[in-house]
Amino acid sequence: MTDSAASPVFRLAYVPGATPAKWVRIWNERFPATPLELVPVEAHEAQELLRSGGADAGLVRLPVDRDVFSAIPLYTEATVAMVPKDHLITAADEISLEDLADEVVLHPLDDVFGWERPPGEEAFERPATTADAVELVAAGIGVLVVPQSLARLHHRRDLTYRTVADGPQSEVALAWPQEATTDAVDDFIGVVRGRTANSTRGRRAAAPEQQPARTTPARTARRAPQGGKGKPQGGARGGRGSAATGGSGKGGAPRRGGRPKRRG
């Protein structure tokens, strides 16, 4: 990783429809010493902006060139069809691409789905931008299929939208150049992944100093008495009943303190 100190400002690009506000708020609370600068960029220009160093990372739409960029998918958007409020398809809560077969489906040049040709009838010409296509929808020229976030971005009172159940989907990801994985980028990865302020960020932490091992003094083991288990045998107590005391007689040791009996 490169040193984030070389760039005191963290620049985050974001494409239309992406909503970085929550993550920006968390960043400002957690890293107040490093200002976050938002850089708006069109979806088709985002990769070039990141490649040229115009931003440190970006909220972009997939796919991206995985040979150049690292990317973490964040969420997949629902797909909707934008139509005038009095359009026939508003009678349903959800439609399919087949329901658009008889409609003129606009295909702007900044389309984010990457399909060669949308369903339905082809328009006379392609609008330059999604915003231009929305104007044509309001004029009754055709319908427009977009990610839901773009429908919300271009909201108009005279337009509405319906979910297209089998429509193409757009996935939003956090992307950055592989060769420019700075500490600030790593910090932002932690923010979008929900790491807490006290959690590790994947950097190699310095190994703690090893404390010398404490030696526990060995306890003196009690030795079992020799000659068997339990109490010491009688011979071990001054030799009672042994030859050393002068004791003798039939059948064993004499009585304690007594004298041998005389024979009749």
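The exercises below concern salt bridges, strand pairing and surface charge in a predicted model.

**Exercise 1. Trace the salt bridges around R156 and state how exposed each partner is.**

Step 1. Start with E135, whose place is in helix 3 (residues 130-138). The side chains of E135 and R156 form a salt bridge, with an N to O distance of 3.2 Å. This pair links distant parts of the chain, since R156 lies in the loop between helix 4 (148-153) and strand 10 (159-164), 21 residues from E135.

Step 2. Look for a further partner of R156. The side chain of D158 also meets R156 in a salt bridge, at 3.0 Å from N to O. E135, R156 and D158 are thus linked in a network of salt bridges.

Step 3. Assign exposure. Partly exposed covers the range between under 20% (buried) and over 50% (exposed). E135 has a relative accessibility of 46%, so this residue counts as partly exposed. R156, at 26%, is partly exposed, and D158, at 35%, is partly exposed as well.

**Exercise 2. Describe the salt bridge between R51 and E48 and locate both residues.**

Step 1. The closest N and O atoms of R51 and E48 are 3.2 Å apart. A salt bridge requires a side-chain nitrogen of Lys or Arg within 4 Å of a carboxyl oxygen of Asp or Glu, so the pair qualifies.

Step 2. Both residues lie in helix 2 (residues 46-51), three residues apart, or about one turn of the helix.

Step 3. R51 is partly exposed, with a relative accessible area of 41%; E48 is partly exposed at 47%.

Step 4. For the structure as a whole, the number of salt bridges is seven.

**Exercise 3. Is strand 11 largely enclosed or open, and which strands pair with strand 11?**

Step 1. Strand 11 spans residues 170-177, and seven of its eight residues are buried, so the strand is largely enclosed by the rest of the structure.

Step 2. Strand 3 (residues 57-61) runs antiparallel to strand 11 and is joined to it by four bridges. Within this pairing, G58 has A175 as its bridge partner.

Step 3. Strand 4 (residues 69-77) is also antiparallel to strand 11, with eight bridges between them. Here Y75 stands opposite V172.

**Exercise 4. Which residues form the negative surface patch?**

Step 1. The patch consists of D93, E94, E98, D99 and D166.

Step 2. Place one member in the secondary structure: E94 is in strand 6 (residues 94-95).

Methods: Residues numbered from 1 in each chain as written. Predicted model: local features only at pLDDT ≥ 70, side-chain atom pairs only at ≥ 80, totals over all residues. Heavy atoms only, no water. Helix = DSSP H or I, 4+ residues; strand = E, 2+ residues; numbered from the N terminus. Buried < 20%, exposed > 50% of the residue type's maximum accessible area, 1.4 Å probe, protein only. Pairing = 2+ DSSP bridges. Patch = residues over 30% accessible without salt bridge, like charges linked within 9 Å, V, L, I, M, F, W, Y side chains within 5 Å. Areas by Shrake-Rupley, 256 points an atom, 1.4 Å probe, with all protein chains shown as cover. Lys, Arg positive; Asp, Glu negative; His and termini not counted. Charge placed at Lys NZ, Arg CZ, Asp CG, Glu CD.
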